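Work through the exercises below with the sequence and the coordinates at hand. Each task is followed by its solution in steps.

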Amino acid sequence: ALREEPRYALAYVGLGDLYQHSYVANHKREDLDKAREYYERAYGVEPESPETNAGLGWAYFLRGDNEGAFSFFKRAFDFGPENPSIAADVGSFFRSIGLPGKAIQFYTHAIDRGGFYAAAASGGAIDELHRLRATCYERLGETARAVADARTWLELEPESIDAGLFLARML
């Protein structure tokens, strides 16, 4: 795609995502450096794209710069408030830094807007949003809400052993 259209920001985001996932799996610093490089290239092409800002948010987060990450996630949401993928990313950022209450707000926002965010860096679908939100409710001690989300998760993914075990633990 980049050979045909070198200013296609989402192609750079996709490459950044690949290196980000590789970094998370293998913890090779060069993968994180490449992810950030591609996210920065995407940002250089489209600085007002929700996806380019979310990508840089993850790059900053993985480097331990939560302030920098927050600023990019805020921009991502400001540019794409109706995008469930972006809302899910922002929720996952808040979940990752230990703010489950804030994460719930953004996961709910994503679910209310259709919930599908397979193209996002975090990947997944609406069942994944219910799983993530359920774990946040669990952290807050809101068992009834965690159970409700776990039941929805299990309805959406009936073969999931994880959903069944989570629900059993909550009950």
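**Exercise 1.** Is glutamate 138 buried, partly exposed or exposed?

Solution. This is a predicted model, in which local features need pLDDT of at least 70 and side-chain atom pairs count only at pLDDT 80 or more, while totals for chains, interfaces and linings use all residues. Residues are numbered from 1 along each chain as its sequence is written, and side-chain values use heavy atoms, with hydrogens and water left out.

Step 1: the classes are buried (under 20% relative accessible area), exposed (over 50%) and partly exposed (in between), with a 1.4 Å probe and protein chains only.
Step 2: glutamate 138 has a relative accessible area of 28%, so glutamate 138 is partly exposed.

**Exercise 2.** Find the salt-bridge partner of glutamate 138, then examine the salt bridge of arginine 131.

Solution. Step 1: a salt bridge needs a side-chain nitrogen of Lys or Arg within 4 Å of a carboxyl oxygen of Asp or Glu.
Step 2: glutamate 138 meets arginine 169 in such a bridge, at 2.7 Å from N to O. This pair links distant parts of the chain, with glutamate 138 in helix α7 and arginine 169 in helix α9, 31 residues apart. Helices are DSSP runs (H or I, at least four residues), numbered from the N terminus.
Step 3: arginine 131 bridges to glutamate 128, with the closest N and O atoms 2.6 Å apart. Both residues of this pair, arginine 131 and glutamate 128, lie in helix α7, three residues apart, or about one turn of the helix. An α-helix has 3.6 residues a turn, so residues three or four places apart point the same way.
Step 4: arginine 131 is partly exposed at 24%, and glutamate 128 is partly exposed at 23%.
Step 5: the count by this rule is 11 salt bridges. A network of them links Arg29, Asp33 and Arg63.

**Exercise 3.** Check the length of helix α8 and state what its buried residues pack against.

Solution. Step 1: the expected span of a helix is 1.5 Å times one less than its number of residues.
Step 2: helix α8 (residues 143-156) has 14 residues and should therefore span 20 Å; its end C-alpha atoms are 20 Å apart, in agreement.
Step 3: the buried residues in α8 are Ala146, Val147, Asp149, Ala150 and Trp153.
Step 4: these buried residues pack against α7 (126-139) and α9 (161-170), where contact means heavy atoms within 4.5 Å.

**Exercise 4.** Classify the ring pairs tyrosine 19 with tyrosine 38 and tryptophan 58 with phenylalanine 61.

Solution. Step 1: rings of Phe, Tyr and Trp (its six-membered ring) pair if their centres lie within 6.5 Å; planes under 30 degrees apart are stacked, over 60 edge-to-face, and the rest tilted. The whole structure holds 13 aromatic pairs.
Step 2: the centres of tyrosine 19 and tyrosine 38 are 5.8 Å apart and the planes are at 15°, so this pair is stacked. The pair links distant parts of the chain, tyrosine 19 in helix α1 and tyrosine 38 in helix α2, 19 residues apart. Tyrosine 19 is partly exposed at 27%, whereas tyrosine 38 is buried at 13%.
Step 3: tryptophan 58 and phenylalanine 61 have ring centres 5.7 Å apart and planes at 80°, so they are edge-to-face. Both lie in helix α3 (residues 50-62).
Step 4: one aromatic cluster includes Trp58, Phe61, Phe73 and Phe106.

How values were computed: Helices (H or I, at least four residues) and strands (E, at least two) are DSSP runs, numbered from the N terminus.
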